[in-house]
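Biologist: Before I rely on the labels attached to this chain, I would like each one set against its definition. Please show me the structure, and then we can go through the terms in turn.

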Amino acid sequence: MALIGLTTGFHRCIAHNQIQLPSIIEGFVLWVGTISSACSPLSWAGIHRMHHAYADTELDPHSPKYKKWYEILFSTYRVKYIPRKFIKDLYENPRVMFFHKNRLLVFTITYIIAYVISPILLVFFILLLPTSFICYGLLNLLAHDDDGALNKWWINLFAPLESNHNDHHAK
């Protein structure tokens with residue numbers, strides 16, 4: 001699920017504009033990303049863009065050099081302010097803004113529908129959050145060292161398609 005929502009939706013489609021999806025598919029991946037991350041696509045993309053702009057400096061929102069390891073691993077770091085320059089283009093995307101403004105409603109409705117369908121499905125959605133937090137926390141923690149971003153093939157084991165982190169930063 002995180003591969004669809006976070007890697008494809010939030011990361012490649014929204015934060016980097018690397019892929020263009022039909023509106024209905026974009027809406028689906030944004031829904032999956034929202035329920036996988038507990039973060040709106042607007043906030044996630046802004047934080048990610050800040051990470052690229054300020055990689056491995058004190059301004060990097062999740063730099064292992066400047067944040068505590070457990071804040072990164074469990075994705076508990078906080079960004080108090082995302083400069084508008086990082087997200088102003090996203091204000092024009094109605095799907096991004098819908099999920100930004102209605103993320104709690106989306107969570108609530110998704111969890112209610114999941115429970116009605118099957119309590120096991122609800123458990124799956126509940127477990128999706130900590131799993132996504134930890135997997136992307138591991139990516140942010142282990143794909144950087146004191147010299148910067150790293151390429152490590154085994155990162156794909158917990159963060160699919162994200163192992164070439166140094167190459168990604170070089171773009």
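Modeller: Let us begin with helix 2, whose buried residues are Glu26, Gly27, Val29, Leu30, Val32, Gly33, Thr34, Ile35, Ser36 and Ser37. This is a predicted model, in which local features need pLDDT of at least 70 and side-chain atom pairs count only at pLDDT 80 or more, while totals for chains, interfaces and linings use all residues. Residues are numbered from 1 along each chain as its sequence is written, and side-chain values use heavy atoms, with hydrogens and water left out.

Biologist: What makes a run of residues a helix, and what span is expected for helix 2?

Modeller: Helices are DSSP runs of H or I with at least four residues, strands are runs of E with at least two, and both are numbered from the N terminus. The expected span is 1.5 Å times one less than the number of residues; helix 2, with 15 residues, reaches 21 Å from its first C-alpha to its last, close to the 21 Å expected.

Biologist: What do the buried residues of helix 2 pack against?

Modeller: They pack against helix 1, helix 3 (41–53), helix 5, helix 6 and helix 7, where contact means heavy atoms within 4.5 Å.

Biologist: Why is Phe10 called buried or exposed?

Modeller: Buried means under 20% relative accessible area, exposed over 50%, and partly exposed in between, with a 1.4 Å probe and protein chains only. Phe10 has 0% relative accessibility, and therefore counts as buried. Phe10 is in helix 1, and, leaving out residues up to four places away in sequence, touches several residues, including Leu30, Gly33, Thr34 and Trp44. The C-alpha atoms of Phe10 and Gly33 are separated by 6.4 Å, although the two residues are 23 apart along the chain.

Biologist: How does the label of Asn17 follow from its relative accessible area?

Modeller: Asn17 has a relative accessible area of 41%, so it is partly exposed. Asn17 is in the loop between helix 1 and helix 2, and its phi is near 50°, a positive value in a residue other than glycine. Most residues other than glycine have a negative phi.

Biologist: Why is Ser75, whose phi is likewise positive, near 50°, given its burial label?

Modeller: Ser75 has a relative accessible area of 13%, and is therefore buried; Ser75 is found in the loop between helix 4 and helix 5.

Biologist: What makes Phe74 part of a surface patch?

Modeller: Patches are made of residues with over 30% relative accessible area and no salt bridge (a side-chain nitrogen of Lys or Arg within 4 Å of a carboxyl oxygen of Asp or Glu), like charges being joined within 9 Å and nonpolar side chains (Val, Leu, Ile, Met, Phe, Trp, Tyr) within 5 Å. Phe74 has 39% relative accessibility, so it counts as partly exposed. Trp69, Tyr70, Phe74 and Ile134 form this nonpolar patch, with about 410 Å² of accessible area together, computed by the Shrake-Rupley method with a 1.4 Å probe, only the protein chains shown counting as cover for residues.

Biologist: Where does the kink in helix 7 lie, and how is its angle defined?

Modeller: The bend at a residue is the angle between axes fitted to the seven residues ending there and the seven starting there. In helix 7 a kink of about 25° lies at Leu128, shortly before the proline Pro130. Helix 7 (residues 119–142) has 24 residues and reaches 35 Å from its first C-alpha to its last, close to the 34 Å expected.
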